[in-house]
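Dear colleague,

Please find the structure below, handed over for your work. My notes on what was found in it follow directly after.

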Amino acid sequence: MQLDDKLLKEIESGNSLVFKGDLDENVVLCTEDKTYDVKEAETSNSLLLVPNLLYAESTGDQIASRAELDVELNKIQAVKIDGYYRLLEFDYEFRVLSYMLDLIEENSWPLNRISKEITFESLKDLVPESVLEALFRFYTVETSKEDDIQYYQYKQDKVCRFLARVLLKSAGKFNFTEFLQAWRDSVPEGMITDESLLSGIAIVDKNTTPQVVWGFSENDLPDDINERFKTLFRTKAKWTVDEISPYIESYATEKLNVNALLTKYARASTQDGVRVFSAKHMK
Amino acid sequence: MISTALNFRESESVSGVPEWAIVELQGLVQMKKEATVGRTVIGDLHYYQRNRHPVLVLGHHILNGKEVKLEQPMAVIEKVDIEGKLEYKIKAIVKKKLLFKSRPKPIISHVSDKI
């Protein structure tokens, strides 16, 4: 039965309504002080009544599926300790990862023959097992299996990126050439650092003399997309697609990819034959 | 990405009259088995995490819809016969509906992992 606001209030305040009418006349509906004509309407659509439906707004994020949750938890590197998910402090992660990487040289392991067993055995007095387990899972992949022993390899890109972040952690800009040298020296022997790995964690300014680099991570940016673009263009006036992508990728959807986002929120131009993006509204 | 949303929760308006929702579809939902008694699962309702729009998966079809506030609220009434005196009990009021008015899209197996 379709209502108007007045009838709704009557119902909500618990008053009763009365249908009145004889067989030969139209039915009316009466409240205490008003009379309504009752009309019958038809619809060809199906109207399914659902008690207790949870609307989108009240679903929130807590109803993310288990799989989605696991993906996200893995992405932010949440560690389950005694039934609670925790995030490791950056410095602590660095300390534990350093212990782990130091074992490579100590044991003269080839990079693709890391032993999980020896790693855990060597560090068991220094690091809780749950933390070791988690970091080992985040940072390694399985390689070969020999005599029933599984060997692992550290994810080179991930290790290099993390160590670059360690170097760039302190505020301020660094001489790019010096940074590259320090970075190369900080990673385990045999791992190759590459400038492309800095995408999303640092900005390199090659227009200055000397060239400089500084740490710049997505986490430091505002969540609001307009604000984010503002901050990005304030930090650096012109970006190539590759440079800016890591900072806006999380807003891209199937229908609105990174390029479409840039078309919408930035101005495209060409600089030395390279397509670059800058702020839409110049001040 | 889609999140599962069929957790049920007791929703009541201020007065204690339960608030229900309407799921509006064009046409009829036809079941293969006729005359099922009691509760029947007809499909899965989810909300896109991206835009919060509802999406209904019915058999091999997917329907994209939207949440709409009813211009005029509705009351769900039930006929009760109390000692020969006819009364209508107000079971619930409805203020919002999920409207699925677009044509159902078929789900083809090789793209089904997208959904």
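Beyond its neighbours within four places in sequence, A:L135 is in contact with A:E93, A:V96, A:L97 and A:M100 in this predicted model. Both A:L135 and A:L97 also belong to the largest nonpolar core, which has 28 residues. Together with A:A164, A:A202, A:V204 and A:V213, these two touch the most other members of that core.

Several elements of chain A contribute to the core. At least two residues each come from α4 (90–106), α6 (129–139), β9, α7 (156–168), α8 (176–186) and β11 (202–205) of chain A. The most are given by α7(A), which supplies five residues. Where does this core lie with respect to domain 2 and domain 3 of chain A? Domain 2 (77–154) and domain 3 (163–279) of chain A both give residues to the core, and it therefore lies between them. In general, nonpolar side chains of soluble globular proteins tend to be buried together.

There is also a second core of 15 residues, separate from the one above. Its members include A:I11 and A:L53 as well as B:W20 and B:A21.

Strand β9(A) also takes part in a sheet. The sheet is open and has three strands of chain A in the order β7-β9-β8, with antiparallel pairing. Its edge strands, β7 (114–115) and β8 (140–146) of chain A, each pair on one side only. Between β8(A) and β9 (residues 149–154) of chain A, which run antiparallel, there are five bridges. One bridge pair joins A:E146 to A:I149, the latter in β9(A).

Yours sincerely

Methods: Residues numbered from 1 in each chain as written. Chains lettered and ligands numbered in written order. Predicted model: local features only at pLDDT ≥ 70, side-chain atom pairs only at ≥ 80, totals over all residues. Pairing = 2+ DSSP bridges. Helix = DSSP H or I, 4+ residues; strand = E, 2+ residues; numbered from the N terminus. Core = buried A, V, L, I, M, F, W, Y, C linked by C-beta atoms within 7 Å. Buried ≥ 20, exposed ≤ 12 C-beta atoms within 10 Å, placed from the backbone. Domains from an automatic or database assignment. Contact = placed C-beta atoms within 7 Å.
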